[in-house]
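Student: I am new to this structure and would like a close look at a single part of it. Could you walk me through one helix and its surroundings?

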Amino acid sequence: MKHLFAGISLTALIVIPFSAQAQFAKVEDAVKYRQSSFSVMGTHMGRVGAVVKGEKAYDKAAVEADVAVIETMSRLPWSAFPTNSNLANSKAKPEIWKEQDKFKAAADKMQSEVAKLAVAAKSGDQGAIKAAFGTTGQACKSCHDDFRNK
């Protein structure tokens, strides 16, 4: 039984890294997927940003819902950066593929900050939401500065 479990585990560890590459039939599909993920995330960041800036009234349920979408979307685009996916319609800089460790660290940082924003949103503490939104925005901006063309 141990050998069977070990064999299944080893197979999963070998196959899982390749599944992200295999999920896109064409490189163009990967670009569209990541752009869509970032677009939805940006829309919901804008909604929360309007609340944080005082342009829109605070509604705990709405902020929580927007942040939940941001949190879900923050996990999605990273598998959609296969090699050779720096197409003309992509704003991705070549540094993504040249500096993979730095790119992964930036993605991890953003996800970590989004998780903190989710905790703040659930708390209902508007000061905590504002602070967490600021650090989340900084994490996004940092990645854009390093890895996204204007």
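Tutor: Happy to help; here is a walk along helix α5, with its neighbours and the pocket beside them.

First, some ground rules. This is a predicted model, in which local features need pLDDT of at least 70 and side-chain atom pairs count only at pLDDT 80 or more, while totals for chains, interfaces and linings use all residues. Residues are numbered from 1 along each chain as its sequence is written, and side-chain values use heavy atoms, with hydrogens and water left out.

Let's set the scene. The protein chain has six helices and zero strands; helices (H or I, at least four residues) and strands (E, at least two) are DSSP runs, numbered from the N terminus. Of its 150 residues, 31% count as buried, where buried means under 20% relative accessible area, exposed over 50% and partly exposed in between, using a 1.4 Å probe and protein chains only. Contact here means heavy atoms within 4.5 Å. Among contacts between residues at least 6 apart in sequence, 74% join residues at least 24 apart.

Now to α5 itself. This helix has 24 residues, and its first and last C-alpha atoms are 35 Å apart, close to the 34 Å expected at 1.5 Å a residue; the expected span is 1.5 Å times one less than the number of residues. The buried residues of α5 include Phe 103, Met 110, Glu 113, Leu 117 and Ala 121. An α-helix has 3.6 residues a turn, so residues three or four places apart point the same way. The buried residues of α5 pack against α2, α3 (60-73), α4 (95-98) and α6.

Ala 120 makes a good place to pause. This residue of helix α5 counts as buried because its relative accessibility is 7%. Setting aside neighbours within four places in sequence, Ala 120 is in contact with Asp 125, Ala 128, Ile 129 and Ala 132. Glu 64 lies 56 residues away from Ala 120 in sequence, yet their C-alpha atoms are 9.0 Å apart in space. After α5 comes Gly 124, with a positive phi near 80 degrees.

One partner, α2, is worth a look too. Its 26 residues should span 38 Å at 1.5 Å a residue, and its end C-alpha atoms are 37 Å apart, which agrees. Among the buried residues of α2 are Arg 34, Met 41, His 44 and Val 48, and the buried residues of this helix pack against α3, α4, α5 and α6. Just after α2, Gly 54 also has a positive phi, of about 85 degrees.

Finally, the pocket. The largest pocket has a volume of about 600 Å³. On a 1 Å grid over the protein atoms alone, a pocket is an open set of points where a 1.4 Å probe fits, with protein on both sides within 12 Å along at least five of seven lines, and lining residues have an atom within 4 Å of a point. Grid points are joined across faces, edges and corners, and the volume is the space filled by probe spheres set on the points. Of the 23 lining residues, Phe 38, Ser 39, Cys 140, His 144 and Arg 148 are the closest to the centre. The elements that give two or more residues to this lining are α2 (27-52), α5 (100-123) and α6 (126-147).
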